[in-house]
Amino acid sequence: MEKRDFIKNSLLAAGALLLPRKSQALEFYPTTLNAEWAILYGTWCGTSRDAALWISEGMNGIAQVFDVRENPNLLNYKNVIVGGSIRSGVTSKELQDYLVKNKVILSNKIRGYFAVCGNMRQPVKLEQYDQFFKNHLVKLTGVEGVVNRVFLGRVTFGLMDPDSRRMMQSMPDMEEYDNLKRSECLAFGKEIIEKI
Ligand SMILES: Cc1cc2nc3c(=O)[nH]c(=O)nc-3n(C[C@H](O)[C@H](O)[C@H](O)COP(=O)(O)O)c2cc1C
């Protein structure tokens, strides 16, 4: 590479690093213009992303959907739904950090929570609601008394980081599964808009 090209490429790379990351909802999904609703999710392998999208479909597409890793600015949204997948009993660190950092902004916007868990493939009980909402998300946000739903999720070995995959595959009787139901997510979305 010529010296001039090398300098040009280095400057371009440095410039790219300096550019702020633009947070972008899923623009090409059916969504109302100037949406007042946002759904914020934290996921590892995508189950909560699908749950969030299906909840927004149940809300007739009036919400914009954000992965918390985009670090979205939710200041201009009136209503926010927060949800995430569960590992070791809690949501992702990125979601937890975001909720703490944006606690003040979110305090009068949060209208609902959801969580997606494996729950050893057993039906969800009150215990999971207490664990994921009362003892976890509510503690981070300070917002309680809003609609909430726990969904069963899925396991796809090929999407996991190597350590998690090894750990999951070493568990007796662990196999891939898919227990997330679109109909349940749609129904939760409908419930949210009917309640508001
Ligand atoms: C490393 C790991 C830890 C998990 N820990 C829990 C847990 O503590 N409780 C639970 O109910 N499910 C647990 N699960 C199951 C996940 O919540 C479930 O697979 C979920 O659908 C994953 O969502 P994701 O696709 O967003 O990663 C765990 C899964 C993995 C891979």
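Does Trp37 count as buried or exposed, and at what relative accessibility? In this predicted model, Trp37 counts as buried because its relative accessibility is 7%, under the 20% that sets the limit for that class. Trp37 belongs to strand β1, which covers residues 37-42, and its C-alpha lies 6.4 Å from that of Ile62, although 25 residues separate Trp37 and Ile62 in sequence.

Strand β1 is one element of a chain that holds seven helices and seven strands. Read from the N terminus on, these elements follow the order α-β-α-β-β-α-α-β-α-β-β-α-β-α, and of the 196 residues that make up the protein chain, 41% count as buried.

Leu40 is also found in strand β1, and Leu40 is buried, since its relative accessible area is 0% and the class takes in values under 20%. From Leu40 a link in space leads to a residue that lies in a loop: Asn71 is 31 residues away from Leu40 in sequence, while the distance between the two C-alpha atoms is 9.7 Å. The loop that holds Asn71 runs between β2 (63-67) and β3 (79-85). With a relative accessible area of 44%, Asn71 is partly exposed, because this value falls between the 20% and 50% limits.

The backbone of Asn71 deserves a separate remark. Most residues other than glycine have a negative phi. Asn71, however, has a positive phi of about 55° although it is not a glycine. Met120 likewise has a positive phi although it is not a glycine, here of about 50°, and Met120 lies in the loop between β4 and α5. Met120 is exposed, because its relative accessible area of 63% is over 50%.

Pro123 has its place in the loop between β4 and α5 as well, where α5 spans residues 126-141. Pro123 is exposed, given that its relative accessible area of 58% is over the 50% limit. In sequence Pro123 and Leu152 are 29 residues apart, whereas in space their C-alpha atoms are 7.9 Å apart.

The other subject to follow through the model is the ligand, and the space taken by the ligand is the largest pocket. The elements that give two or more residues to the shell around the ligand are α2 (47-58), β4 (110-117), β6 (154-155) and α6 (162-169). In total, 21 residues surround the ligand, and the closest are Thr43, Thr47, Ser85, Ile86 and Arg154. By residue class, the shell around the ligand divides into nine nonpolar, 10 polar and two charged residues.

Which backbone atoms lie at short listed distances from polar atoms of the ligand? A backbone N or O atom of Gly89 lies 2.9 Å from an oxygen atom of the ligand, and a backbone N or O atom of Trp44 lies 3.3 Å from an oxygen atom of the ligand. On the nitrogen side, a polar backbone atom of Gly118 is 3.0 Å from a nitrogen atom of the ligand. Taken alone, the ligand exposes 640 Å², and the protein buries 86% of that area.

Technical notes: Residues are numbered from 1 along each chain as its sequence is written. This is a predicted model: local features need pLDDT of at least 70, side-chain atom pairs count only at pLDDT 80 or more; totals for chains, interfaces and linings use all residues. Side-chain values use heavy atoms; hydrogens and water are left out. A residue is near a molecule or strand if one of its heavy atoms lies within 4 Å of it. A polar contact is a pair of N or O atoms within 3.5 Å; within protein, one must be able to donate a hydrogen and the other to accept it, and residues adjacent in sequence count only if both atoms are side-chain atoms. Accessible areas come from the Shrake-Rupley method with a 1.4 Å probe; for residues, only the protein chains shown count as cover. On a 1 Å grid over the protein atoms alone, a cavity is a set of points where a 1.4 Å probe fits but cannot get out, and a pocket is an open set with protein on both sides within 12 Å along at least five of seven lines; lining residues have an atom within 4 Å of a point. A molecule sits in a cavity or pocket if more than half of its atoms lie within 2 Å of its grid points. Helices (H or I, at least four residues) and strands (E, at least two) are DSSP runs, numbered from the N terminus. Ala, Val, Leu, Ile, Met, Phe, Trp, Tyr, Cys and Pro count as nonpolar, Asp, Glu, Lys and Arg as charged, and the others, Gly among them, as polar. Buried means under 20% relative accessible area, exposed over 50%, partly exposed in between (1.4 Å probe, protein chains only).
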